[in-house]
Amino acid sequence: MWWSIFSVVDLEYGKFSEDNKEYIITRPDTPTPWINYLGNSEYCAMISNTAGGFSFHIDPRNRRITRYRYNNMPTDRPGRYIYIRDSKTGECWSPTWQPTLSKLDGYECRHGLGYTKFTSSISGIEAKVTYFVPPDSNVEIWVLTLKNTSLSQDRWLKVFSYCEFCLWEAPRDQNDLQSIQFLGISRFNNNAVLYHFFDESTGFAFFASSEKICSYDCNRESFIGKYRDESNPEAVEIGECFRSEAVGGNPIAATASSVSLEPLEEKTIIYVLGVSQDKSEIDSLIREFTDKENVEKEFQKLRDHWESFLSKVNTKTEDLDFDAMVNVWNQYQCRITFDWSRYVSFYETGIGRGMGFRDCAQDVVGVVHAFPQRVRQRITSLAKNQFQDGHVYHIYFPLTGEGGFPYYVKKDMQFFSDDHLWLIPSVTEYIKETGDTSILEEKVEFVDGPPATIYEHMQKSIEFCKSMLGKHDLPLLGTADWNDPLSLPGPNNAAESVFAAMLLHKSLTEMSEVSSQTGRGTESTTYKKLAKKTRNHLNKVAWDGDWFIRAFDDSGSPLGSKECKEGKIYLNAQSWSILSGVASHERGIKSMDAVKENLDTKYGLILLKPAYSRYYKEIGALSSYAPGLKENASIWSHANAWAIIAECMLGRGDQAYEYYKKLAPPSKNGMASIHQAEPYVYAQTIAGIDHSAFGMARQSWLTGTAAWMLKAATNWILGARPQYHGLLVDPCIPSSWRSFRMTRQFRGATYDIKFSNPLGISKGIEAIHVDDKLFENNLLPTFSDGKTHKISITMG
C-alpha cells in the first residue's frame, strides 16, 4: 500500500484540526479501528475510520439495527459501505478504503462532533462521504458526493450501497440461528428496502436513496456470492444486483444506481437508514431525509447542538493540548459515555453488560454542567434499581428497564460493596451545580417496594453499607468493589474493602452537608459523627506505615501491605484516602509519595505493584490476568484521574499536571503504533510496565476516565468547583503557567475568569475582583441573572 513507505519510528496517522473540533486521520491502516459515535441518545451509529461499525436504537442488545462481527478476521466488518464501479473499465473501489482495500490515490477521514467525513480519490474520481445522525430523528444519513476531476473525459459509474441488518435481538442473532434465521423479511418496493420480522410488532427498518435505484438485493448471499466476502461482492463485480428478497436468512439493503459525470461535474446521492415502529410514517421520513436542502439544515442543526453543549465550559491556557481536550474532546467523550455507559463500543459487544449502576452514577459528574435536567432523569432511573434494604442492581438495560447482576456475581453475596454508595455523590454534585434541592423530595419506587424520596434512597445506601460490616468493622466486599475482578473469594464470604470504607466516609460527609443545607439538623449531626468514627477507624486499621492497605481477604489477611509478597501497594487506596478526607495532610503526602516511588511509569500510574505473577485463589479473578494487563498492574486511566485530583488537593500542581499530561490523548499522537487506540479520547486501560506491549491501550471511549479527567481538569487544576452557595475558585496549576482564562456557565450566569500567576506558583490566591470590585473570598456568588461577569484573579 502507498502508506507503507513510512517507518515505524516516524509513524503518524493523524492530527487535530486547527479549531480542534475534528480529528483528521490521514491513513486508513490505523493500529486499531479509530471510531466515532454518531447519535442522539436514542439512535446510535458507531463508525470507524474505514466505515466499519453498526447501528442500534435505544438498546444495542434488544434493538440492534445492523450487524458487526467482533474479534473477526478480516477486522472491522461489516459496516456502512459504498462501492464505486467504473462501468467502462470494471475497476471497483470503496471511498472509505474498506472493504475493498483498494489502493487509493488520496484518503482522509475526519471524525467530528456527531459526524464523520471521508474524502478519497482514485483514477480521476473524487468521493466525499458524510455520515451523521440528526439530533431529533431515528435515522442516519449518508451523503455521497462524486466529482469527475478530469478536464476532458466523461465518466460512467455504478454506485452500490450496502448494509447488513441484524435480526433485532443481538444475542439471538448470534446464538439462536436455528430459530431466528427464519424470522426476518427484507423486500424492495417504491425505491426503498423495508426490513421487518414476519411479526411486525417488532417494528421496521428502512433504507432508501435520493437517486433512482436501478437494481437491488435484500439477501446477503445473493449480493456477496458464494465463498466471497464484503471485499469482492459478486453483484459489484458484474455491475448489477440480482433483485433478490429475503424471507428468512440474512436480510440486507444493497442498492445500485447509475451515475454519469461530465468533466469537473459533481453529483450528490443521499442515503437514509432508519427505524420506525409505525410503517405508515416511513415514506414521509424517506422524503424528508433524502431532500438535499433539508439534510443540509439537519447537519447545521447538529453542528449547533454540539456548539451549545460545549459552550458551558471553555478554557484558554498556555497548553493547546489541554485546551483541545477540555474544550472539545473530553466533553464530547463525557456525553457519549453518559449516553451509553460501558454498554457498547468496539470492545463491549452491547449484549450482556448493560448500563452499570456505579458507572452511570459517576458519569454524571462529566455532564451535569451541560444538561442538568438529563442528569436528574438519570439519577431517578438509577434509584429505581435500588432495593428496600439499600443494595442495588449492578446493571440495567435501558429498553426493558430490567436490572440484574453479571455472570460472575457471588451466589451468596449478590451485591458490590461500592455500587449503592455512588448514588449519594451523584445527587450532591447535581444539587451543587444547579441549586435544585427538590430532587431530594422526588419519590421513586424501590425494586421490591413502594416509593420513597431520593433522600430516603440515599439514606438506605448508608444503612445497607453499615449493616454489612466484617470483622475489621469495614464494609464486606460482596462480589467486589470498584475493582471488579478483585473478588477475594473464600468459604467465609468475609473479605472487606478499604476502598468501600473510604467511599463510605465520603458519602457520610456528603450526607451530613446536604442534610445541613436542607434543614435536617439531626441527620446532619448523626452523619458527621459516623464520618468521624469511620475516619478514625480507617486510620487505625488500614494504615500500613507508609501507605494505606487496599483490603482484607477472606481469611483476614491484608492486601496492599508491606507484608504481601506481590501486590504490596495499590493506587486507589492512596488517592481515595485523600479524596474521601480520611487521610491527614501528612499521611496524604506520604501515601502519594509512595505512589510516585512505586507506581509511576512514563505512560502513567499502574494500579498496583508488584504485579501478581501467578493465579492466587485467595485473590481471585484479578490474578488471572497476565502481569501488566487489565487490573493486574496496568495503567488504569480512571484511577489516574483520582490521583491527579489527590495531588491537587495536596497543593502539588506540578505533580498533578505531570500525571495529567501522561494520560492526555494528544500525548499519544506521536506514539500511535505503541498506544494503538484513538489519540483523541481516553482509553480505560494501558498495558503496564510488566507487559511486553507496555503502552498499548484498549477499551477506548466508554470509560469513567472521561468524567473524572474533566473533573480533574476543570474543578481541580483550573479549580472552579460548584458549591451549595456559589462557585469556589481554587486553582492548582503547573507553576510554569503565568496566565490562563476560563469561561464557566453556572446557574444562569456566565463567569469569565482571568487568572494571572506572576510569581509562578501552583496554588494560592492573593486578590479577586468581581466586575472590577475587590471581592473578599474565593467563593464567587450565585448571580443567576443571565449576564456575563468579569472575574480577575491574581495568584500569590
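Me: In this predicted model, what do buried and exposed mean for a residue?

Reply: Buried means under 20% relative accessible area, and exposed means over 50%. With that cut-off, strand β44 (residues 788–795) can be read side chain by side chain.

Me: Which side chains of β44 point to the buried face?

Reply: The side chains alternate along the strand. His 789, Ile 791, Ile 793 and Met 795 point to one face and are buried, whereas Thr 788, Lys 790, Ser 792 and Thr 794 point to the other and are not buried.

Me: In which sense do β40 and β41 each pair with β44?

Reply: Strand β40 (residues 749–756) pairs with β44 in the parallel sense, over 7 bridges. Strand β41 (residues 765–770) runs antiparallel to β44, and 5 bridges join the two. Thr 794 of β44 stands opposite Ser 756 and is also the bridge partner of Ala 767.

Me: How is a helix read in a comparable way, and which residues of α13 are buried?

Reply: An α-helix has 3.6 residues a turn, so residues three or four places apart point the same way. In α13 (residues 521–541), the buried residues are Ser 524, Tyr 527, Ala 531, Thr 534, Leu 538 and Asn 539. These residues lie on the same side of α13 because they cover an arc of only 125° around the axis.

Me: What do the buried residues pack against, and which exposed residues does the face turned away carry?

Reply: The buried residues of α13 pack against α11 (454–467), α12 (498–517) and α15 (585–599). The face turned away from the buried side carries the exposed residues Thr 522, Lys 529, Lys 533 and Lys 540.

Me: What span does α13 reach from its first C-alpha to its last?

Reply: Helix α13 has 21 residues and reaches 30 Å, close to the 30 Å expected at 1.5 Å a residue.

Definitions and conventions: Residues are numbered from 1 along each chain as its sequence is written. This is a predicted model: local features need pLDDT of at least 70, side-chain atom pairs count only at pLDDT 80 or more; totals for chains, interfaces and linings use all residues. Side-chain values use heavy atoms; hydrogens and water are left out. Helices (H or I, at least four residues) and strands (E, at least two) are DSSP runs, numbered from the N terminus. The expected span of a helix is 1.5 Å times one less than its number of residues. Buried means under 20% relative accessible area, exposed over 50%, partly exposed in between (1.4 Å probe, protein chains only). The arc is that of the directions from the helix axis to the C-beta atoms. Contact means heavy atoms within 4.5 Å. Two strands pair if DSSP finds at least two bridges between them.
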